[in-house]
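Got your viewer open? Let's walk through this one selection at a time, starting with a confidence check.

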Amino acid sequence: MLTAAALEGTPYDLVVSAGIGGGFLPGASVGSLVVADEIVAADLGAETDDGFLSVTELGFGTVSHKPPEDLVRPVADALGARTGAVLTVSTVTGTAERAAVLRERHPTALAEAMEGFGVAEAAAVHGVPVLEVRAISNPVGPRDRAAWRIPDALAALTEGFGKLVPVLESWNRHDQ
Ligand SMILES: O=C(O)c1cccc(C(=O)CC[C@H]2O[C@@H](n3cnc4c(=O)[nH]cnc43)[C@H](O)[C@@H]2O)c1
């Protein structure tokens, strides 16, 4: 989509990645919203005898994208959301041990989900800023499908999106 829009001469000004996600308690409770101040590929790297090394530490590229600071704050304020790192994982965290590892490696993390870093990479290729908004549907920790509150999270996300448009419009004007 980004490529097609660029080729048609109507490039995007912003890419928004949004959906449900797991929340790190106590910072991000179920039903709350998180706006990413950093989008981190949390499991992109290699296990070594000395522990996990990210692809950045391996010298292959970046594991982190930063949405524009002057957008993250007003969006979070408008949505009543907290700001923090949102981790992108390939495997949904399902144990307290794994949650503790992620917390230790990423002390500013408030949420985890599965798509944000890929979206941010694509946006970066096109030089387009990115925003990630997650509605918390479940705590990050031991797997407990009964604790997932997907309809509540989707309702919070829908309500949040209603408040997003005026902020984006004023950010756009300010940027031009
Ligand atoms: O049943 C499971 O344990 C399970 C295993 C893999 C994937 C799922 C999903 O349904 C998640 C897919 C979807 O939801 C986002 N999401 C929501 N909560 C989390 C989370 O705690 N960790 C990672 N991703 C999460 C994710 O972005 C996908 O869009 C269930």
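pLDDT is the predictor's confidence in each residue, from 0 to 100. Colour by it to begin: the protein averages 95, and 98% of the residues score at least 70. The model scores ipTM 0.93 and pTM 0.95.

Some housekeeping: this is a predicted model, where local features need pLDDT of at least 70, side-chain atom pairs count only at pLDDT 80 or more, and totals for chains, interfaces and linings use all residues. Residues are numbered from 1 along each chain as its sequence is written, and side-chain values use heavy atoms, with hydrogens and water left out.

Now select the ligand and everything near it (a heavy atom within 4 Å). You should get 15 residues, the closest being Glu112, Glu115, Asn138, Arg143 and Arg145. Colour this shell by type: six are nonpolar, four polar and five charged. (Nonpolar means Ala, Val, Leu, Ile, Met, Phe, Trp, Tyr, Cys and Pro; charged means Asp, Glu, Lys and Arg; the others, Gly among them, are polar.)

Next, show polar contacts to the ligand (pairs of N or O atoms within 3.5 Å). Asn138 puts a polar side-chain atom 2.8 Å from a ligand nitrogen. Arg134 has a polar side-chain atom 3.5 Å from a ligand oxygen, while Gly22 uses a backbone N or O atom, 3.4 Å from a ligand nitrogen. Alone, the ligand exposes 600 Å², and the protein buries 75% of that (Shrake-Rupley, 1.4 Å probe).

Last stop: the Leu25 to Pro26 peptide bond. Is it cis or trans? It's cis, with omega near 5 degrees. Most peptide bonds are trans.

Technical notes
A polar contact is a pair of N or O atoms within 3.5 Å; within protein, one must be able to donate a hydrogen and the other to accept it, and residues adjacent in sequence count only if both atoms are side-chain atoms.
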